Every structure is written in C-alpha cells, then in structure tokens.
Amino acid sequence: MIKYLSIFITFCVSLGMYAPTAMARRHGNAPTHDVTIERTRNHSEKPSMDDSKKNEQKNDDMDGWRGGFGVYFPSSVEAPDEGIEIAENDFSFAGLLFVRPTTNAIIIHHVGVPDGDTSAEAIHSAHLSNGWAGIGYHYVIRQDGTIERGRPLVTVGAHAYMNNIYTVGVCLSGNFEDEYPTDAQIDSLVELLASLCRIYHLAPSEYTIMGHMDVNSDTLCPGEHLYEIMPSIIGMVRERL
C-alpha cells in the first residue's frame, strides 16, 4: 500500500508543477535566476546541453520508471502520425525508454551552446557522452526548417526537470540569447505545434505551449529572441488549426 501511495504522490506532483510556474513567469512573478550562472553553465556544457543540470536530467530520465509506466518497445506501441515531413533517425539509446502516460503541454527549447545549426545526431551524441540515455528532446528544428526526430514521440523525454512525464520537448538549433530563429524554423515550429495539438487535443495557449523557462526558473531557455515571440507563435498555431 505504501509503495502505491508513493507512486501516486510522485505522479501527482510531477503533473501539477507546471501551471503555477507558467502563470508566474508569464505575469512577471516567477523567481529570478542568476544570469551569470546560467551563462557559465551553458558555456561549460557539451553541444545541445540546453540549460538543464546534468544530475537532474540524468535522474529525470527515470521519471517513467518511478511512476511505474510501461517500458517502450517500438513493436508494441503505435507511433502517432504527425502528418508532416519529419527527418527520421534510428538512434540507439543507452537505457530503457518509457511510454509517456499523458500529454498536457509542449515545451520549447533552444540548443544554446553551441550557437548556429546543430543536428539531432550531434545532440544525441552529446547527451550520451554525459551518461544519459540519449537525446532528451522529441524533435530538433534545424535552421533550414528541417524537423528531425529525437526521442520517439510516445516516450518520456528528458528536457525539462520534473516536467517530462506529461510534455513533448521541441528544440530549435541556435542560441537565441544572441541569434534569432530563422523564418524557416518558425514556419516549421508552427506546423509541428499545430500537428501535436491535433494529436493530443490541446488548445494552443500559454499553458499548453511553453518555453523551458516557464517550467524551470533557473534557465534562460529558449532564449530571449524566441521567447519574446511565443505569444505570436501561439496565435499562428491557433490560426493553423
């Protein structure tokens, strides 16, 4: 009985953390964070480390196990059809992946460091080199607008600490503290978000399409120049549906 109570509490806490944080961030009341620490951490990490803490993300890979969710086997879990062009990858992961039990939101990231155009393959290699299971994002959008597959869509990601078991992670190549997303990236992002909203029956809003900083206050991700246009992106997704 104690075991099942613990599982239930873990599940509820993980699902419930995002909404208050998102509301605080959007209305300017979220806890502030030290930009210097953030930048120092970014520049000391491997490519596409984004802005998460190493130990936190490594542990967060196990959220599915702690919640008692099923192990992912491609042969037994049908992948949703996005209905758009996705550049597929056949990545091998260094650990078990778990099936995401529900999907309530999509979290947007930037690669951060390095800047410029970074592939899903490079991100996967970097995450493996840190002792993680592999790429933590479900999609990577390149500067030419190509959408690359990361983790299988139905699996638990490792991209936003304590907010992985109910979210899809989308990462755009670039460092949007210094750079600007390309028009091609924005077009592909809107197309992908609209597809995911259809699949998971999400109404586009600031609570279903969020920046990484909305759920983890110790990061600048997805970067100022992407985060500032998030309301416009959400509006374009609404128009696309």
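For the pocket lining described here, Ala, Val, Leu, Ile, Met, Phe, Trp, Tyr, Cys and Pro count as nonpolar, Asp, Glu, Lys and Arg as charged, and the others, Gly among them, as polar. On this division, the lining of the largest pocket in the predicted model holds 10 nonpolar, two polar and five charged residues. The lining comprises 17 residues, and those nearest the centre of the pocket are Tyr72, Asn89, Arg149, Gly150 and Pro152. The space in this pocket amounts to about 250 Å³.

The protein contains 10 helices and five strands. Of its 241 residues, 53% are buried. Contacts between residues at least 6 apart in sequence join, in 79% of cases, residues at least 24 apart.

The mean pLDDT of the protein is 80, and 71% of the residues reach a score of at least 70. Confidence is lower than 50 over residues 1-68, where pLDDT stays under that value. For this segment the model nevertheless has 135 contacts beyond four places in sequence. Where pLDDT is low, predicted coordinates should not be read in detail.

Several local features fall in the loop between β3 (147-149) and β4 (167-172), which includes Asn163. Met162 is placed in that loop as well. The phi angle of Met162 is near 65 degrees, a positive value in a residue other than glycine. Met162 has a relative accessible area of 18%, and it is classed as buried because this value is under the cut-off of 20%. Asn163 is buried too, with a relative accessible area of 0%. A polar atom of the Asn163 side chain lies 2.9 Å from the backbone oxygen of Tyr161. This pair of atoms is therefore within the 3.5 Å limit for a polar contact.

A second group of features occurs in the loop between α8 (212-215) and α9 (224-227), where Thr219 is found. The relative accessible area of Thr219 is 0%, so this residue is buried. A polar atom of its side chain is 3.0 Å from the backbone nitrogen of Cys221. Cys221 also takes part in a cis peptide bond, which leads to Pro222 and has omega near 15 degrees. Pro222, like Thr219, belongs to the loop between α8 and α9.

Another cis peptide bond is present between Val113 and Pro114, with omega about 5 degrees. Pro114 is located in the loop between β1 (105-110) and α6 (120-129).

A positive phi value is also found at His201, a residue other than glycine, where the angle is near 55 degrees. His201 is situated in the loop between α7 (183-200) and β5 (209-211). With a relative accessible area of 71%, His201 is exposed, whereas Met162, at 18%, is buried.

Conventions: Residues are numbered from 1 along each chain as its sequence is written. Side-chain values use heavy atoms; hydrogens and water are left out. Helices (H or I, at least four residues) and strands (E, at least two) are DSSP runs, numbered from the N terminus. Buried means under 20% relative accessible area, exposed over 50%, partly exposed in between (1.4 Å probe, protein chains only). A polar contact is a pair of N or O atoms within 3.5 Å; within protein, one must be able to donate a hydrogen and the other to accept it, and residues adjacent in sequence count only if both atoms are side-chain atoms. pLDDT is the predictor's confidence in each residue, from 0 to 100. Contact means heavy atoms within 4.5 Å. On a 1 Å grid over the protein atoms alone, a cavity is a set of points where a 1.4 Å probe fits but cannot get out, and a pocket is an open set with protein on both sides within 12 Å along at least five of seven lines; lining residues have an atom within 4 Å of a point. Grid points are joined across faces, edges and corners, and a volume is the space filled by probe spheres set on the points.
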